[in-house]
Amino acid sequence: MVDLVRELKETAKATRNTIDRLLKVPNGMEKRVVEAMRYSVLAGGKALRPFMVLESAKLFDVEQERALRVAAALEMVHCYSLIHDDLPAMDNDDMRRGQPTCHKQFDEATAILAGDGLLTRAFGVISSDECLFEPQIRCKLIHRLAKAAGMTGMIGGQMMDILAETEEEMKLPDVIRLQELKTGCLFSFACESGAVMGKGSLEQQQKLRDYARHFGLAFQIADDILDVEGDANVVGKAVRKDLDAHKATFISLLGLEKAKEQARLLSQQAVDSLAGFDGRADNLRELARYIVDRKS
C-alpha cells in the first residue's frame with residue numbers, strides 16, 4: 001500500500017533542498033528580491049508538480065537527482081504564478097500556504113520582481129550544463145515549459161480567469177478550457193517531462209498527457225469544492241472568494257453534488273490513462289485518487 005502522504009512530504013523536502021541550493025542570497029542590495037523569492041518558494045505546499053515530475057521520471061529509469069532540477073524549476077514557475085495571482089491587481093489575497101502573501105510580507109513591487117525572478121531562474125536551471133541532460137533534451141524541456149507557462153497555457157488561462165468574474169455567458173466548456181490552460185498545462189508538463197528526460201515513446205507521452213488532463217480537472221473541481229466547504233485555517237488561504245465574486249466555476253455551473261461526482265469520475269479516468277505502465281506508476285494512480293478527497 002502506497003503511503004502517499006509520506007511520499008509527498010519526502011518529495012517536498014527534496015525539492016526545497018534543491019531550490020535552497022539554487023537560490024543563494026547575494027550580499028548586494030539585490031538580496032531583497034532573492035529573499036522574497038525564497039520566502040515564497042520555500043514556504044511549503046504539497047509539491048504536487050515536483051512529485052509528478054519525479055514519478056514520471058521513475059517510469060523511464062531517470063535518476064531522481066537528475067530529475068530534481070527539473071522538478072525544482074517547475075516549482076519555481078508555479079510559485080511565481082502564485083505570487084502574481086495574489087497581487088492586488090489579480091486576486092488580492094492576504095494569505096498563501098498559511099503565511100502572509102509575498103506582497104504583504106515585503107511590498108507589491110518586490111513581489112512582482114520576485115515572481116519575475118523565479119520565472120527566469122527556472123529556465124536558467126534547466127538550460128544549465130549542471131542539468132546533466134544532453135542539449136537536445138534540455139531544449140525540449142525548455143520549449144514545453146515555456147509553452148505550458150505562457151500565453152497558450154497558464155497565462156492564457158489566467159486571463160480567462162480574470163474575465164470569468166465579469167463574463168456572464170461563460171459556460172461549462174469555457175470553464176473547462178480555462179482550467180486546462182491555467183492549471184492543467186503545468187500538470188501536463190510535469191507528467192510529460194519524465195518521458196522527455198527518459199526518451200519515452202510518443203504513445204507513452206500521450207498517456208501521460210491524458211492522465212494530466214483528467215487529473216488537472218479533478219484537482220480544480222476539488223479546489224472549487226474547498227472554496228465552498230473548506231476551512232481557511234486548513235486550506236492555508238482565503239475561502240469562498242469565488243462564490244463572493246460570482247465567478248463561473250464548476251460548482252456554480254454543475255452544483256456541489258454533481259461536481260463531486262464529476263471529480264471522482266475524472267480521477268478514475270486519470271487512473272485508467274496509465275494502463276500499460278507497470279507498478280512504478282502506482283504513486284501516480286494513488287495521487288489521482290487522493291486529490292479528490294484532500295482537505296487543503
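Q: Which residues does Tyr211 touch, leaving out those up to four places away in sequence?
A: In this predicted model, Tyr211 touches Met52, Cys191, Ala270, Ser273, Leu274, Leu284, Leu287 and Ala288, with residues up to four places away in sequence not counted.

Q: And what about the largest nonpolar core, how many residues has it, and which have the most contacts inside it?
A: The largest nonpolar core has 88 residues, and those with the most contacts inside it are Tyr211 and Phe215. As a general point, nonpolar side chains in soluble globular proteins tend to be buried together.

Q: Leu284 and Leu287 came up as contacts of Tyr211, so to stay around there, which residues of helix 15 are buried?
A: Helix 15, which spans residues 282-290, has Asn283, Leu284, Arg285, Glu286, Leu287 and Ala288 as its buried residues.

Q: What covers them?
A: The cover over the buried residues of helix 15 includes helix 1, helix 3 (48-58), helix 10 (202-229) and helix 14 (256-273).

Q: Switching to cavities, how many are there of 30 Å³ or more?
A: The count comes to two cavities of 30 Å³ or more; the largest holds about 110 Å³ of space, while the second largest has a volume of about 50 Å³.

Q: What lines the largest one?
A: The largest cavity has 13 lining residues, and Ser40, Ile83, Asp86, Arg96 and Cys102 are the ones that lie nearest its centre. By class, this lining is made up of seven nonpolar, three polar and three charged residues.

Q: Which elements supply at least two residues of that lining?
A: Helix 2 (31-41), helix 4 (64-85) and strand 2 (99-100) each do so, and helix 4 gives the most, with three residues.

Q: And which residues line the second largest cavity?
A: The second largest cavity is lined by Ala12, Thr15, Arg16, Ile19, Val41, Gly44, Ala47 and Glu75, and helix 1 (residues 4-22) provides the largest share of that lining, four residues. The classes there are four nonpolar, two polar and two charged residues.

Q: Now pockets: what volume has the second largest one, and which lining residues are closest to its centre?
A: The second largest pocket has a volume of about 460 Å³, and of the 20 residues that line this pocket, Gly184, Cys185, Ser188, Glu192 and Arg209 are the closest to its centre. Helix 7 (135-149), helix 9 (172-197) and helix 10 are the elements that give two or more residues to its lining.

Q: Which helix gives the most, and how does the lining split by class?
A: Helix 9 gives the most to the lining of the second largest pocket, with nine residues, and by class that lining has six nonpolar, six polar and eight charged residues.

Notes
Residues are numbered from 1 along each chain as its sequence is written. This is a predicted model: local features need pLDDT of at least 70, side-chain atom pairs count only at pLDDT 80 or more; totals for chains, interfaces and linings use all residues. Side-chain values use heavy atoms; hydrogens and water are left out. On a 1 Å grid over the protein atoms alone, a cavity is a set of points where a 1.4 Å probe fits but cannot get out, and a pocket is an open set with protein on both sides within 12 Å along at least five of seven lines; lining residues have an atom within 4 Å of a point. Grid points are joined across faces, edges and corners, and a volume is the space filled by probe spheres set on the points. Ala, Val, Leu, Ile, Met, Phe, Trp, Tyr, Cys and Pro count as nonpolar, Asp, Glu, Lys and Arg as charged, and the others, Gly among them, as polar. A nonpolar core is a set of buried Ala, Val, Leu, Ile, Met, Phe, Trp, Tyr and Cys residues joined through side-chain atoms within 4.5 Å. Buried means under 20% relative accessible area, exposed over 50%, partly exposed in between (1.4 Å probe, protein chains only). Contact means heavy atoms within 4.5 Å.
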